[in-house]
Amino acid sequence: MSAPVASVPETFDCRVAFAEELSALAREDERIVAVCNDSVGSSNLVQFQKEFPDRLINVGIAEQDMVGVGAGLALSGYIPFVCGASPFLTGRALEQIKADVAYSQSPVVLCGMSPGMAYGELGPTHHSIEDLSWLRAIAGLDVVVPADPAETRSAVRWAANAARPAFLRVGRFKVPAVTGNRPFTFGAATTLRDGSDVTVVAAGTMVSRALDAAAEAAEQGVSVRVLNMSTIAPLDEDAIRLAMRETRGIVTAEEATTTGGLGAAVAAVVVTERTPVPMRMLGIHREFAPTGTTAFLLEHFGLTAADIRQAALALAHTDA
Amino acid sequence: MLVADPGTAAAWRRFRQEFSDSGPERRREMLRERANQSRTTDLHMIGRAGLGHVGGDMSVLDILTTLFFSVLRVDPEKPDWADRDRFVLSKGHTAGALYATLAAAGFFPTAELDTFAGPLSALNGHPNRVKVPGVETNTGPLGHGLPVSVGMAVAARLSSSSRHVYVVLGDGELQEGSNWEAAMTAGHRHLTNLTAVVDRNRLQQGARTEETNTLDPLDDKFRAFGWDVLEVDGHDHLALYDAFTAPRGERPTCVIANTTKGRGVSFMEDRVEWHHKVPSAEQIVAASAELAR
């Protein structure tokens, strides 16, 4: 019969943790408000609305208005969590994010729900793979991509206290718990697995896959370090430089275009050091996705644990 | 961040006191004179900088002067006072007019106006709240001020504060769809603490608004979005004052202020090329003489 199957870990939709933590924060601090675009359900704000009807401002299907209203609230002393499907929040309201939030230094927490290719079959209009490239280019905007429910909770709490313009990518595609309840530390990569041959720098949905890849690579005698880079901007450049010194190559993995996201950010550090190391950038290379489920699309674009392992092994076997 | 000029702020306070103690004729004269002084200041700023939006500045200055010198509950020496009224200049390209007004009220020293648009000046071509006291949000790209003002009005209501939010919109700017998203929200939420003032000079950068993308009937548009609408002569200070301070009903208020681009300078009035043309030294002298009359 078939070979024994490894136990499949439980997986989670990070929006649930996000919503629970936001409601918990709102109970503690009346400055916490939520602003959304007809997305009470898809942003998991039903409970928040039930408890705090006055503090849930639903502007309807109007993302530019939503971000502007969030900025007005932030400039009046509130801590707005502005929630909408990531493609529409970031794409439709990009100028509001730039001018009203980042440039005006209004401490709005932009919550990009269901990012990446979470809306699989709904297609590229509903995918948010450009967000990291767009937002990383904006001065003064923090870009945070939690990897699992615990880190999502921790990042929500950080954002509420930080009072800085920030973008949180809140995942819908189910992921296993990987951070072991280590609190989110803004601007710092966390080493989830140490290794000496190759470093994989991953974010969001890619982190658990990177860990699986590292476990598989170990069986083939290659030691892979896994960094959870949950802050994309500003980037933990020291962690990258350390990886350059202590391992022979770097693989980046992100559910986003490689044009300007995590891979590009890491590469910008690598190539400006005196002794660059070889890199592989996994992600989506300026392509619109074909039709398919999220899992199918991640496989289609080479974003599985096997793909990450293969990239790591290729670098491990490259002569320095 | 620039800081207040206490002497000018004190003079502004005296002005406000005298205004409230005076009858209509004196009030009209006070605001007219103050606005024309700011016009002259602004012309010189633009002349020095070699750039600016002179037509719109002249158009909006009676609105700005009436707000800052007779209506807004603000304190130039406490620009962060939580319960201050909020003022947002959505048509951020008329920053010169705003700077001239804020300096005249003592929010920062008038000497700073000499740096307008110069290297590293706090006084950018569009206003920056991080650098200039009295500026509530950074504007410049059009269609941003109204949504932010709606957020401020929602916040005031959540805080049970009586502060009022005033936002000045250009008329051409109303071609941006984001305004109508926000207008819908303000109407839906019955934001009685919000007043949008439209500087209706009927000219945009390249041509007349009605030749570019029709705005009329503008009053009906706002009414249809759930607003009360008042229409006034945007250069009649007392009409503006009455509109800004009239008791509010159950809806947000839109004041359509009919204005003339380039107002006060005969050779600029209602001429599209003066959107951002820079007057020569001779023209500034001639314009200042007209404004001093």
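Domain bounds here come from an automatic or database domain assignment. With that in hand, welcome to a predicted model, in which chain A is split into domain 1 (11-176) and domain 2 (190-316). Taken over C-alpha atoms, the centres of domain 1 and domain 2 of chain A are 25 Å apart.

Let us look at how the two domains of chain A meet. Here 29 residues of domain 1 are in contact with 27 residues of domain 2. On the domain 1 side, at least two residues each come from helix 6 (131-136), strand 6 (142-144), helix 7 (149-162) and strand 8 (175-176) of chain A. Which of the elements gives the most to this side? Helix 6 of chain A does, with 4 residues.

Now for the neighbouring topic, the meeting of the chains. Chain A puts 23 residues in contact with 23 residues of chain B. Two helices of chain A, helix 3 (63-74) and helix 5 (94-103), each supply at least two residues of the side that touches chain B. Helix 3 of chain A gives the most to that side, with 8 residues.

The table sets out both sides by residue class.

| Side | Nonpolar | Polar | Charged |
|---|---|---|---|
| Chain A, touching chain B | 10 residues | 9 residues | 4 residues |
| Domain 1 of chain A, touching domain 2 of chain A | 16 residues | 6 residues | 7 residues |

To follow these contacts in the structure, helix 3 of chain A is one place to look for the side that touches chain B, and helix 6 of chain A is one for the side of domain 1 that touches domain 2.

Definitions and conventions:
Residues numbered from 1 in each chain as written. Chains lettered and ligands numbered in written order. Predicted model: local features only at pLDDT ≥ 70, side-chain atom pairs only at ≥ 80, totals over all residues. Contact = placed C-beta atoms within 7 Å. Nonpolar A, V, L, I, M, F, W, Y, C, P; charged D, E, K, R; others polar.
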